[in-house]
Amino acid sequence: MSLNPPTDSRSNPDSRPVYTLEDLRSWDKAGVWLAVVGYPVKHSISPAMHNAALQVIMQRFPEYATWRYTRFEIPHEAFAEALPLFREKGFYGLNLTLPHKIQVLDLIQDIDPEAVSMGAVNTLVLTDRGYRGFNTDGWGLRTGIYTDLGQRLADSDIVLLGAGGAARAAAFQCLKDGCRSLWIGNRSQGRLDSLLQAIGNDERVRSFLFKSPPEDLPEKALIIQATSSGLKPEDSLPLDLNSFSNEAALYDMIYNPRVTRLMKIGMQRGMRVANGLSMLIQQGARSLEIWTQVPVTVTAMEAAARAELNMGG
Ligand code: NDP
């Protein structure tokens with residue numbers, strides 16, 4: 001795509017373009033730039049969310065008037081070349097999404113210890129020594145669950161479904177916040193074992209495979225759904241919810257579709273249920289706070305996210 005892409009009046013013009021490595025090589029746009037970098041990235045709602053929040057910040061703090069957030073579609077094999085270019089071109093902050101969150105650990109030296117534990121980085125901020133990496137997914141999850149379900153991770157019995165990148169951040173946040181027990185289930189043994197190994201010895205943790213769930217799962221659990229099963233209507237359910245009472249709660253990290261099959265069943269059983277939009281918004285707000293060092297209220301981000309997803313108010 002050219003450096004003068006067409007704009008769309010629906011939202012901030014900086015939110016629409018999808019730039020490439022070629023665009024980055026010749027980047028000479030004025031202002032302070034932030035971006036989400038991933039592959040694919042054209043469906044990301046982060047540019048709309050962040051530009052909406054920046055508009056609000058600028059009204060109170062004029063020094064942010066030239067800040068903009070855009071997106072770059074960079075494939076896995078080009079990321080190692082792109083990262084020094086982002087630095088050279090002065091990109092102040094980057095959000096990393098699939099498939100770059102793990103690879104970046106080998107490409108930067110300065111990583112927040114929490115992100116090291118989570119084994120993934122989703123936020124980079126430019127310092128005079130290069131990029132420093134953070135992970136705001138755990139924060140987003142904890143804050144999203146509290147906002148939507150009124151439940152803290154601390155002292156909760158948690159059943160975590162999945163062992164991929166998102167589940168890993170969730171597991172570390174649950175343990176860090178002081179959950180009472182953490183049951184981790186996954187479809188395949190390999191990834192489950194890697195996650196258990198990364199966690200190390202913790203007597204609160206138990207594990208299982210979806211094909212043989214234990215009979216003693218806590219009936220009032222906070223269930224955190226962190227698999228990609230549910231993105232399509234025909235996807236199978238990772239776990240039967242029959243053994244849970246209506247005092248259990250379900251947080252499904254998927255936000256598009258707005259209601260997954262698992263969420264529908266949870267609602268029918270009378271559980272408190274929420275999708276992952278609040279996590280997405282909160283992790284974004286936390287990234288923006290890291291970059292701007294000013295408190296970010298999520299109202300504008302949420303309105304922009306809902307408009308992008310056509311979810312209404
Ligand atoms: P990964 O690819 O790292 O992990 C995918 C996980 O889903 C693995 O545990 C995998 O199991 C499991 N899985 C995939 N397909 C199935 C299936 N058909 N049945 C059962 N389990 C399955 O992805 P991420 O961890 O990055 O993302 C997981 C989900 O979380 C995605 O839907 C993503 O959109 C969402 N997410 C939401 C965020 C938010 O802000 N709301 C942030 C990050 C992610 P196995 O190991 O057996 O392959």
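Which atom of the ligand does a backbone N or O atom of Gly-165 lie 3.0 Å from? In this predicted model, the partner of the Gly-165 backbone atom is an oxygen of the ligand. Ala-163 does much the same job on paper: one of its backbone N or O atoms also sits 3.0 Å from a ligand oxygen. Ser-228 adds another backbone N or O atom, this one 3.1 Å from an oxygen atom of the ligand. With the protein around it, the ligand has 80% of its area covered, out of the 920 Å² that is accessible when the ligand is taken on its own.

Now for the rest of the shell. The ligand is surrounded by 20 residues, and the closest of them are Ala-166, Asn-186, Arg-187, Ser-188 and Arg-191. Sorted by class, the shell comes out at nine nonpolar and nine polar residues, plus two charged ones. Two helices deserve a mention here: H6, spanning 165-177, and H9, spanning 277-292, each put at least two residues into the shell.

Away from the ligand shell counts, the backbone has a few oddities to look at. Two peptide bonds that lead into prolines are cis. One joins Leu-98 to Pro-99, with omega at about 5°. Pro-99 itself belongs to the loop that runs between strand S3 (93-96) and strand S4 (110-111). The other cis bond links Asn-256 with Pro-257, and its omega is about 15°. Here, too, the proline is in a loop: Pro-257 falls between strand S11 (249-252) and helix H8 (261-268).

Positive phi angles turn up as well, and at residues that are not glycine. Asp-155 has a phi of about 65°. This residue is part of the loop connecting helix H5 (137-149) and strand S7 (157-161). Is Asp-155 buried or exposed? Its relative accessible area is 57%, so Asp-155 is exposed, given that the cut-off for exposed is over 50%.

Gln-293 tells a similar story. Its phi is positive too, at about 65°, and Gln-293 is no glycine either. The loop that holds Gln-293 lies between H9 and helix H10 (299-308), and H9 is one of the helices that supply residues to the ligand shell. With a relative accessibility of 65%, Gln-293 counts as exposed.

Methods. Residues numbered from 1 in each chain as written. Predicted model: local features only at pLDDT ≥ 70, side-chain atom pairs only at ≥ 80, totals over all residues. Heavy atoms only, no water. Near = heavy atom within 4 Å. Polar contact = N/O pair within 3.5 Å; in protein donor to acceptor, adjacent residues only side chain to side chain. Areas by Shrake-Rupley, 256 points an atom, 1.4 Å probe, with all protein chains shown as cover. Helix = DSSP H or I, 4+ residues; strand = E, 2+ residues; numbered from the N terminus. Nonpolar A, V, L, I, M, F, W, Y, C, P; charged D, E, K, R; others polar. Buried < 20%, exposed > 50% of the residue type's maximum accessible area, 1.4 Å probe, protein only.
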